[in-house]
2 protein chains.
Amino acid sequence: MHQNLITYINQYASSPLTNEEQALIVATFQPKKLRKKQYFLQEGDVCKYAGFIVKGAMRQYRVDEKGVEHMVQLFIENYWANDRESSTMLTPSIYNIDAWEDTDILLVTRADMLDLMAKIPSITEMIRLMDERNAIANQRRLNSTISNTAEKRYEEFAKNHPQFIQRFPQHLIASFLGITKETLSRIRKQAIK
Amino acid sequence: MHQNLITYINQYASSPLTNEEQALIVATFQPKKLRKKQYFLQEGDVCKYAGFIVKGAMRQYRVDEKGVEHMVQLFIENYWANDRESSTMLTPSIYNIDAWEDTDILLVTRADMLDLMAKIPSITEMIRLMDERNAIANQRRLNSTISNTAEKRYEEFAKNHPQFIQRFPQHLIASFLGITKETLSRIRKQAIK
DNA sequence: AAAAACCGTTGACAAATGTCAACGGTTTTG
DNA sequence: CAAAACCGTTGACATTTGTCAACGGTTTTT
């Protein structure tokens, strides 16, 4: 179960983890199984764990006043499920995170993560690179959202994230793109021609 | 000129910078003056510097096929102007960054920044916290963009960033929000009632 | 001081997207 | 196995937002 995480960290770090470091990681990350639809984080709760997804698929979303869900992020293997705002500020989250498929996840508290960062340089390195990548990805998504039509946004998304298209139903993709399922359905119909 | 930067770093770090560290920072960051409209980064170029804004205002935008500008970020004092994708990947940027007002800025190359991070713990700390804040801010902006109407987006923005409203003309704010200047004009007219 | 560029606003109209209701075909649940 | 929930699609229509052109009042440039 922890092997995927070790591999993942080594990918980001400049030198591979030592055996001691690996042992520490295995001891720190707590495995958990989530059933489909099970909450990882519920609106109003403080996000106490970050979760590394070993197997499965999850989603993060907000529910507006009318009860409509808005997908903020989609996660699959090798993604980290987390509401950073809540977990760093210790404020109640406005988001829900739940399992879309049965999911195997490795949990770590913020305190433990900070501890690991102090003890294992590779972890710090990984975090920095992840943040960097994340900032870049967010920049792209924002850019796409403010400058493209819904059709182009879908095209780009489908090209850059085919795994998500296969894994999640259309209405979640639509919500992620900020449009309704009906609009996405029509866009796809158009595109075929 | 460098004092603002020192203060800024100390704000983020857990212990204040030593005199040696301060001297190193002063020696590394290169001051530059930008006239209004002067480019800091031009589309197609690789972003070689990150710039800490001491005084002034800048904007980052993309120009689409039709020649329309889309504001991706707005910067004022104590912000960092930078295209992270270009400067970390060393790829040509798709963005322009230019001065909206006459601006005083402190330049640092990526290599120098990495060097500083190795030598000054406070810098590393600052970067991590900045990344964290940045990730949170981006999350919020994305959430707002996909789940709110243009009107609510403007309201939220005006509430959370009054400095920007005062500093930049309406058509830049509109572009930043992903709407046209005409739509923003009408939204504001509505809101007065 | 005159000319040019910039800025916000408005009107008329077009295009994009949302809303609501309904349907049939799946998949999941009890 | 039957019932319920889920999913994507479609039609009719409403709403939001964009487009284009024009205007008058700034501010900036020459």
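A residue counts as exposed if 12 or fewer other C-beta atoms lie within 10 Å of its own C-beta atom, and as buried if 20 or more do. Keep that in mind. We will use it on several residues. One caution before we start: this is a predicted model.

Let's begin with a single residue. Lys37(B) has 10 other C-beta atoms within 10 Å, so it is exposed. Where does Lys37(B) sit? Its place is the loop between β1 (30–34) and β2 (39–41) of chain B. Now look at its backbone. Lys37(B) is not a glycine, yet its phi is positive, about 75°. Why point that out? Most residues other than glycine have a negative phi.

There is another such residue. Asn78(B) is also not a glycine, and its phi is near 70°, a positive value. Find Asn78(B) in the loop between β5 and β6 (80–81) of chain B. Is Asn78(B) buried or exposed? Neither: with 14 other C-beta atoms within 10 Å, Asn78(B) is partly exposed.

Next, the two protein chains. How do they relate? A turn of 180° and a shift of 0.0 Å along the axis lay chain B on chain A, with an RMSD of 0.0 Å. That is the relation of a two-fold axis.

How many residues meet between them? 21 residues of chain B are in contact with 21 residues of chain A. On chain B's side, β5 (69–75), α3 (84–89) and α5 (121–147) each give two or more residues. Which gives the most? That is α5(B), with 13 residues. By class, this side of chain B has 5 nonpolar, 9 polar and 7 charged residues. Of the interface residues of chain B, 100% are also interface residues in chain A, so the copies meet through the same surface.

Stay with helix α5, now in chain A. It runs over residues 121–147, which is 27 residues. At 1.5 Å a residue, α5(A) should span 39 Å. Its end C-alpha atoms are 39 Å apart, so the two agree. Which residues of α5(A) are buried? They are Ser122(A), Ile123(A), Arg141(A) and Ser147(A). What covers them? Both chains take part: the cover includes α1 (3–12), α2 (19–28) and α4 (110–119) of chain A, together with β4 (58–63), β5 and α5 of chain B.

A quick word on annotation. An unreviewed UniProt entry places the feature "domain: Cyclic nucleotide-binding" at residues 32–119 of chain A. Over that stretch, chain A is 18% helix and 44% strand. The end C-alpha atoms of the stretch are 24 Å apart.

Last topic: the DNA. Take strand C. 15 residues surround it, and the closest are Ala150(A), Thr183(A), Pro169(B), Gln170(B) and Ser185(B). Which elements supply at least two residues each? In chain A, α6 (150–160) and α9 (181–192); in chain B, α8 (170–177) and α9 (181–192). The largest share, 5 residues, comes from α9(B). The surface near strand C divides into 3 nonpolar, 6 polar and 6 charged residues.

Now strand D. Of the 15 residues around it, Pro169(A), Gln170(A), Ser185(A), Ala150(B) and Thr183(B) come nearest. Two or more residues each come from α8 and α9 of chain A, and from α6 and α9 of chain B. Here α9(A) gives the most, with 5 residues. By class, strand D's surface has 3 nonpolar, 6 polar and 6 charged residues.

Conventions
Residues are numbered from 1 along each chain as its sequence is written. Chains are lettered from A and ligands numbered from 1 in the order in which they are written. This is a predicted model: local features need pLDDT of at least 70, side-chain atom pairs count only at pLDDT 80 or more; totals for chains, interfaces and linings use all residues. A residue is near a molecule or strand if its C-beta atom, placed from the backbone, lies within 6 Å of it. Helices (H or I, at least four residues) and strands (E, at least two) are DSSP runs, numbered from the N terminus. Ala, Val, Leu, Ile, Met, Phe, Trp, Tyr, Cys and Pro count as nonpolar, Asp, Glu, Lys and Arg as charged, and the others, Gly among them, as polar. Two residues are in contact if their C-beta atoms, placed from the backbone, lie within 7 Å. Copies are superposed by least squares on the C-alpha atoms of residues with pLDDT of at least 70 in both. UniProt positions are given in the numbering used here, feature names are shortened, and annotations may be inferred rather than shown by experiment. The expected span of a helix is 1.5 Å times one less than its number of residues.
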